[in-house]
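Student: I have a model to go through with you. Let's start with one helix and move on from there.

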Amino acid sequence: MADRVGPALANLKLRETLRTLSIRDPLTGLFNRRYLEESLVRELHRAARTDKPLSVIVIDIDHFKRFNDQFGHEAGDLVLRTFSEIVQQNIRKSDMACRLGGEELVVVLPDAGIDVASARAETLRQAFHDLQLRYQNKPLGSVTASFGVAVYPDHATTSESLLQLGDTALYRAKHDGRNRVCIAKV
């Protein structure tokens, strides 16, 4: 009996490991881009069905290349991991934090309108701004991020347009001086 159960349990564990690897970013532990794209469509359908808002916050670490260039990629990884931990500590269990790619993160907030989403983004911005990171006993200097917020149905009704408007608001935040939250315009 043990000869049969052992391999079956190992197979189940391997399947779960592979599933986790397919939806999670290995560096940050956040959901990956593929999971975001699939889940955001589902969350938008749920929001439409329940007539509730849904917000996205698109986040980009300011001057991220500087950390890699000045301190090395391990320091950049430390910044990404720390930012990801801060995001996870400051969102609800029902929210979804994802790594879109590079130093760009997205937070999906079901049942959250513009006021809740912009307040959450501001809380995250302040937490990042207050961060004092050190790598190999050297201070990394100021670590800030810029944020773009877009809301269903106020700004967009599809996942692609919602992310695009959040991204456009993010780039406006960068253009306006970085380390700020900008709301999407229709």
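Student: Which residues are exposed on the other side of α6?

Tutor: E160 and H175 are exposed there, on the side of α6 away from its buried residues. Exposed is over 50% relative accessible area, buried is under 20%, and partly exposed lies in between (1.4 Å probe, protein chains only). Helices (H or I, at least four residues) and strands (E, at least two) are DSSP runs numbered from the N terminus.

Student: What kind of model is this, and how are residues numbered?

Tutor: It is a predicted model in which local features need pLDDT of at least 70 and side-chain atom pairs count only at pLDDT 80 or more, while totals for chains, interfaces and linings use all residues. Residues are numbered from 1 along each chain as its sequence is written, and side-chain values use heavy atoms, with hydrogens and water left out.

Student: Back to α6. Which of its residues are buried?

Tutor: S159, L162, L163, G166, D167, A169, L170, A173 and K174. Seen down the axis, these buried residues fall within an arc of 160°, so they line one face of α6. The arc is taken from the directions from the helix axis to the C-beta atoms.

Student: What do they pack against?

Tutor: The buried residues of α6 pack against α2 (33–50), β1 (54–61), β3 (104–110), β6 (145–152) and β7 (181–183).

Student: How far apart are the end C-alpha atoms of α6?

Tutor: They are 24 Å apart, which agrees with the 24 Å that its 17 residues (159–175) should span at 1.5 Å a residue. The expected span is 1.5 Å times one less than the number of residues. After α6 comes G177, with a positive phi near 130°.

Student: Take A169. Is it buried or exposed?

Tutor: A169, which sits in helix α6, counts as buried because its relative accessibility is 1%. Its C-alpha atom is separated by 4.4 Å from that of G148, 21 residues apart along the chain.

Student: What is A169 in contact with?

Tutor: Leaving aside neighbours within four places in sequence, A169 is in contact (heavy atoms within 4.5 Å) with F147, G148, V149, C182, I183 and A184.

Student: New topic, pockets. Which residues line the largest pocket?

Tutor: R33, E37, L40, V58, L100, S159, E160, L163, Q164 and D167. The elements giving two or more residues to that lining are α2 and α6, and α6 gives the most, with five residues.

Student: What counts as a pocket?

Tutor: On a 1 Å grid over the protein atoms alone, a pocket is an open set of points with protein on both sides within 12 Å along at least five of seven lines, and lining residues have an atom within 4 Å of a point.

Student: What is the volume of the largest pocket?

Tutor: About 200 Å³. The second largest pocket has a volume of about 170 Å³. Its lining is made by R24, L30, F31, Q88, I91, R92, K93, D95, M96 and A97.

Student: And α5, which residues are buried there?

Tutor: A117, R120, A121, L124, R125 and F128. They cover an arc of only 140° around the axis, which puts them on the same side of α5. Their cover includes β1, α4 (73–89), β3, β6 and β7.

Student: Backbone oddities next. Where is the cis peptide bond?

Tutor: It joins Y152 and P153, with omega about 0°. P153 is in the loop between β6 and α6.

Student: What is phi of D51?

Tutor: Near 55°, a positive value in a residue other than glycine. D51 lies in the loop between α2 and β1 and counts as exposed because its relative accessibility is 69%. N137 is not a glycine either and has a positive phi of about 65°. N137 is found in the loop between β4 (134–135) and β5 (138–139), and at 65% relative accessibility it counts as exposed.

Student: Last one, the whole chain. How many helices and strands?

Tutor: Six helices and seven strands, running α-α-β-α-α-β-β-α-β-β-β-α-β from the N terminus. Of the 186 residues, 45% are buried. Among contacts between residues at least 6 apart in sequence, 68% join residues at least 24 apart.

Technical notes
On a 1 Å grid over the protein atoms alone, a cavity is a set of points where a 1.4 Å probe fits but cannot get out, and a pocket is an open set with protein on both sides within 12 Å along at least five of seven lines; lining residues have an atom within 4 Å of a point. Grid points are joined across faces, edges and corners, and a volume is the space filled by probe spheres set on the points.
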